[in-house]
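Here is a set of worked exercises to try with the model open on your screen. Attempt each task before you read its solution.

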Amino acid sequence: ALVGAAQLAEQQVYLVDYLHSIKNEPLEEVEVTAIVLCRPSEENLRQLIAHLSVDQSPFASLQVFFTQPMTESQVRLLAEADEHSRITCLQVNDRQW
């Protein structure tokens, strides 16, 4: 079912956007958790790594959900990029780390 903007705001969801559209800079001194739903494509992994590897990310934490299987090397690459321990949840299909 589709969810409207008012319903998202009730759940404290304030921004729905593409990863490549979000700049790597803090968002007004608030703790922002990103919920990312994507395929583990090379481009999506590149975008995630870009947000993980900077000191001034707009996200205090990320909960990442991949819709398709990932290789072990993709998981390792993502883990190595998470230098600031921002990923608090990583789920691939029905497997969670």
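**Exercise 1. Find how much surface the protein exposes, and what share of it carbon and sulfur atoms supply.**

Step 1. The exposed surface comes to about 7000 Å², using the Shrake-Rupley method with a 1.4 Å probe, where for residues only the protein chains shown count as cover.
Step 2. Carbon and sulfur atoms supply 49% of that surface.
Step 3. Now turn inward: of the 97 residues, 31% count as buried. Buried means under 20% relative accessible area, exposed means over 50%, and partly exposed lies in between (1.4 Å probe, protein chains only).

A word on the ground rules: this is a predicted model, in which local features need pLDDT of at least 70 and side-chain atom pairs count only at pLDDT 80 or more, while totals for chains, interfaces and linings use all residues. Residues are numbered from 1 along each chain as its sequence is written, and side-chain values use heavy atoms, with hydrogens and water left out.

**Exercise 2. Write down the order of helices and strands along the sequence.**

Step 1. Count the elements: the protein has three helices and four strands. These are DSSP runs numbered from the N terminus, with helices being H or I of at least four residues and strands being E of at least two.
Step 2. Reading along the sequence gives α-β-α-β-α-β-β.

**Exercise 3. Work out how S1, S2 and S3 are joined, and which way they run.**

Step 1. Strands pair if DSSP finds at least two bridges between them. S1 and S2 run parallel and are joined by six bridges; among the partners are Val-36 with Val-64 and Thr-33 with Ser-61.
Step 2. S2 and S3 also run parallel, joined by five bridges. Here Val-64 partners Leu-90, and Phe-65 partners Gln-91.
Step 3. Val-64 therefore has a bridge partner in S1, Val-36, and one in S3, Leu-90.
Step 4. Trace the connections. S1, H2 and S2 form a right-handed β-α-β unit, and S2, H3 and S3 form another right-handed one. Right-handed means that, with the strands pointing away from the viewer, the path from the first strand over the helix to the second runs clockwise.

**Exercise 4. Identify the residues with the most contacts inside the largest nonpolar core.**

Step 1. Such a core is a set of buried Ala, Val, Leu, Ile, Met, Phe, Trp, Tyr and Cys residues joined through side-chain atoms within 4.5 Å.
Step 2. The largest one has 17 residues, and Val-36, Leu-48, Leu-62, Val-64, Phe-66 and Leu-78 have the most contacts inside it.
Step 3. At least two core residues come from each of strand S1 (33–38), helix H2 (42–52), strand S2 (61–66), helix H3 (72–81) and strand S3 (87–92).
Step 4. Take Phe-66 as an example. Beyond its neighbours within four places in sequence, its contacts (heavy atoms within 4.5 Å) include Leu-45, Leu-48, Leu-78 and Leu-90.
Step 5. In soluble globular proteins, nonpolar side chains tend to be buried together.

**Exercise 5. Leu-37 and Cys-38: which is buried and which is exposed?**

Step 1. Both lie in strand S1. The covered face of S1 holds Ala-34, Val-36 and Cys-38, whereas Thr-33, Ile-35 and Leu-37 make up the uncovered one.
Step 2. Leu-37 is exposed because its relative accessible area is 65%. Setting aside residues within four places in sequence, Leu-37 contacts Phe-65 and Thr-67.
Step 3. Cys-38 counts as buried because its relative accessibility is 10%. Not counting residues up to four places away, Cys-38 touches Asn-44, Phe-65, Phe-66 and Thr-67.
Step 4. Cys-89 is buried too, at 9% relative accessibility. The structure holds zero disulfides (pairs of cysteine sulfur atoms within 2.5 Å).

**Exercise 6. Describe the backbone and setting of Ser-85.**

Step 1. Look in the loop between H3 and S3, where Ser-85 is found.
Step 2. Ser-85 is not a glycine, yet has a positive phi of about 55°.
Step 3. With a relative accessible area of 57%, Ser-85 is exposed.
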